[in-house]
Structure formats: C-alpha cells, structure tokens
Amino acid sequence: MIRLDGVGQVFDGREGRVTALEKIDLHVRGGEFVTLIGRSGCGKSTLLRLIAGLLPPTSGSVQVAEEPVTGPRRDVSFMFQRPALLPWRSVLSNVMLPVEIDKGSDRGKAAYRDRAHQLLELVGLQGFERRLPHELSGGMQQRVSLCRSLIRDPQVMLMDEPFSALDALTRTELSEELQRIKMELATTIVFVTHSIEEAVVLADRVVVLTPRPGRMREVVDIDIPRPRSLAQNAYVTEVAKISARLHALLSEKDSEDRR
Ligand SMILES: Nc1ncnc2c1ncn2[C@@H]1O[C@H](COP(=O)(O)OP(=O)(O)O)[C@@H](O)[C@H]1O
Ligand SMILES: [Mg+2]
C-alpha cells in the first residue's frame, strides 16, 4: 500500500543543511499497522509528510496504492497531536468538515452524515453530536478528530503522536479503541509515538529510527495476539520484554553520540 524506496530528505534551514532522512526503504502492506519510534528530530513527522504528499522527497520515490505521490490524496488522512477542531462548529459538523471542503466527494451528503453518526457511536460519542468542542474533554475532542479523519474511509491513516497530549488512562483507552476500529475497517496505519509501549501494543511492526541523519535502525515484528491491552496481565510481560529491547536500540545511538 505504501512504498518508500531510497528516500532521503534534506532541508536547507537557517542553521545550514539538515539531512532529516536518509536511505529509507519501507514497504507497508495493505491493512498493516506500522508504528514509528525515535527521539525528537529524527525525521518521524517528515516521513509522514512525505507519505501524505505534503512534501516532495529530495531523493528516492514515495508511492501510495502503486501510484507515485505527487500531492495530498483523498484516500490518505492525517491526524495530529492537537485535535484542531473548529470551535464554533458542533461535533457533527467538525466530523463532516472534510466532506464539505471536498466538493467532489463521491457519496451524497446524507450518506456521509449517517457515516459520521456511526463513527461517533463507534468511539462512544453518541448523544454529543450537537455539542461544541469546548464542552468536551481532551480525550473526547481527540475522538472527534479521529472520526473526522475516518469520515471518507481513507485507505491510509497517518497519525503523528495523536495521543501524546492526553492523560495516561485516556491514552490507553484510545489506543484500545483505535485497535478495535482498525480491526473493523482494515485501514493501513502509520503511527508516530514517543511511547515505546504504545508503539508495541498497537503495531504489527515497529520501525526504529535513529537521528542525524534519520535512518531506519531496525524493524521489529510484533506477534502478540489482538486485541492487546496493557490492562491485561497476559500481554504485559511480552510487551515489556519487547519494549526493553527497543529501548536498548534507541539508547545505543545515544552512547555513540556522547563518545
Ligand atoms: N521545513 C523544515 N525546514 C528545515 N528543517 C526542517 C523542516 N522540517 C523538519 N526539519 C528538520 O528535520 C529534522 C527532522 O524533523 P522532524 O521530522 O520534525 O522530526 P521528528 O518528528 O522525529 O521530531 C529536524 O532536525 C528538523 O529540525
Ligand atoms: Mg514530530
């Protein structure tokens, strides 16, 4: 579904030239859940922006659904750390926003409204359709943002630390909901997180990036059965074991830096 071959990204910034990414070869299968971890500045957001078509790569090629990416695609959605809801619009009309912006939407508006109601129900927000964003908690707002990014049934969802601003409990809940939704919709997901455990719980594969320049250090398959939860003892040990290994991989580079 997603193919990056020999991708490199160089920025000419005020502080000189930054090689944000180098030699990235990543193939993501349809329906796969890939998480990206690495310390800040290692190029995670840049990688997502390349897949989203928000940035052309300096070198190499990026493909989605076997087509070269030349700009944003309707079937690729992006979700950020902040919910970025329009404060004057109701929950329902925030979810409907992508449909209203894109006049060429293929289904009728009524069908999308039905879909919006379904999605809100899926994340436990039925009954909140008419509320305004400020009447909701941070977790609820991010659920609305999740529904908005699902409204057009994207083939690919790119998620840049979407749960980072939430408290630990809400974060765990949302990560469980996302897994449930993922199993239902078979969307391909690339998900960036700072949390190693979150990366392990969610992923089919975890990609470890190391900084300066951002390179793929390792790709780790996660074979734990789903649905997974940190609230279930059965998975905790396994998640902890893999997390410890990933932790070691991430700090390896650190010690090299200090030398
Ligand atoms: N538009 C830009 N112009 C110049 N430098 C950039 C730009 N975007 C990102 N960078 C640099 O590229 C590197 C990777 O950034 P980013 O992808 O945001 O990292 P991450 O998301 O992993 O924290 C950083 O050193 C950052 O400063
Ligand atoms: Mg980032």
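## Contacts of ligand 1

In this predicted model, a polar side-chain atom of T46 is placed 2.5 Å from an oxygen atom of ligand 1. Considered without the protein, ligand 1 exposes 560 Å², and the protein buries 64% of that area. K44 also reaches the ligand through its side chain, with a polar atom 2.8 Å from an oxygen atom of ligand 1. G43 contributes through its backbone instead: a polar backbone atom of this residue is 3.1 Å from an oxygen atom of the ligand.

## The shell around the ligand

The residues that surround ligand 1 are F11, V18, A20, R39, S40, G41, C42, G43, K44, S45, T46 and R49. Sorted by class, this shell holds 4 nonpolar, 5 polar and 3 charged residues.

Two elements, strand β2 (16-28) and helix α1 (44-52), each provide at least two residues of the shell. Helix α1 gives the largest share, with 4 residues. As for the site itself, ligand 1 takes up the space of the second largest pocket.

## The sheet that includes β2

Strand β2, which supplies part of the ligand shell, also belongs to an open sheet of 4 strands. The strand order is β2-β1-β4-β5, and the pairing is antiparallel. β2 and β5 (67-68) are the edge strands; each has a single partner, so one side of each has no neighbour in the sheet.

At the β5 end, β4 (residues 59-64) pairs with β5 in the antiparallel sense over 2 bridges. Within this part of the sheet, Q63 stands opposite P68 of β5.

## Backbone geometry

Most residues other than glycine have a negative phi, and most peptide bonds are trans. Two places in the model depart from these patterns, as follows.

The residue K23 is not a glycine, yet its phi is positive, near 50 degrees. K23 is located in strand β2, the strand that stands at one edge of the sheet and supplies at least two residues of the ligand shell.

The other place is the peptide bond between R212 and P213, which is cis, with omega at about -10 degrees. P213 is part of the loop that runs between strands β9 (205-210) and β10 (215-221).

Key. Residues are numbered from 1 along each chain as its sequence is written. Chains are lettered from A and ligands numbered from 1 in the order in which they are written. This is a predicted model: local features need pLDDT of at least 70, side-chain atom pairs count only at pLDDT 80 or more; totals for chains, interfaces and linings use all residues. Side-chain values use heavy atoms; hydrogens and water are left out. A residue is near a molecule or strand if one of its heavy atoms lies within 4 Å of it. A polar contact is a pair of N or O atoms within 3.5 Å; within protein, one must be able to donate a hydrogen and the other to accept it, and residues adjacent in sequence count only if both atoms are side-chain atoms. Accessible areas come from the Shrake-Rupley method with a 1.4 Å probe; for residues, only the protein chains shown count as cover. On a 1 Å grid over the protein atoms alone, a cavity is a set of points where a 1.4 Å probe fits but cannot get out, and a pocket is an open set with protein on both sides within 12 Å along at least five of seven lines; lining residues have an atom within 4 Å of a point. A molecule sits in a cavity or pocket if more than half of its atoms lie within 2 Å of its grid points. Ala, Val, Leu, Ile, Met, Phe, Trp, Tyr, Cys and Pro count as nonpolar, Asp, Glu, Lys and Arg as charged, and the others, Gly among them, as polar. Two strands pair if DSSP finds at least two bridges between them.
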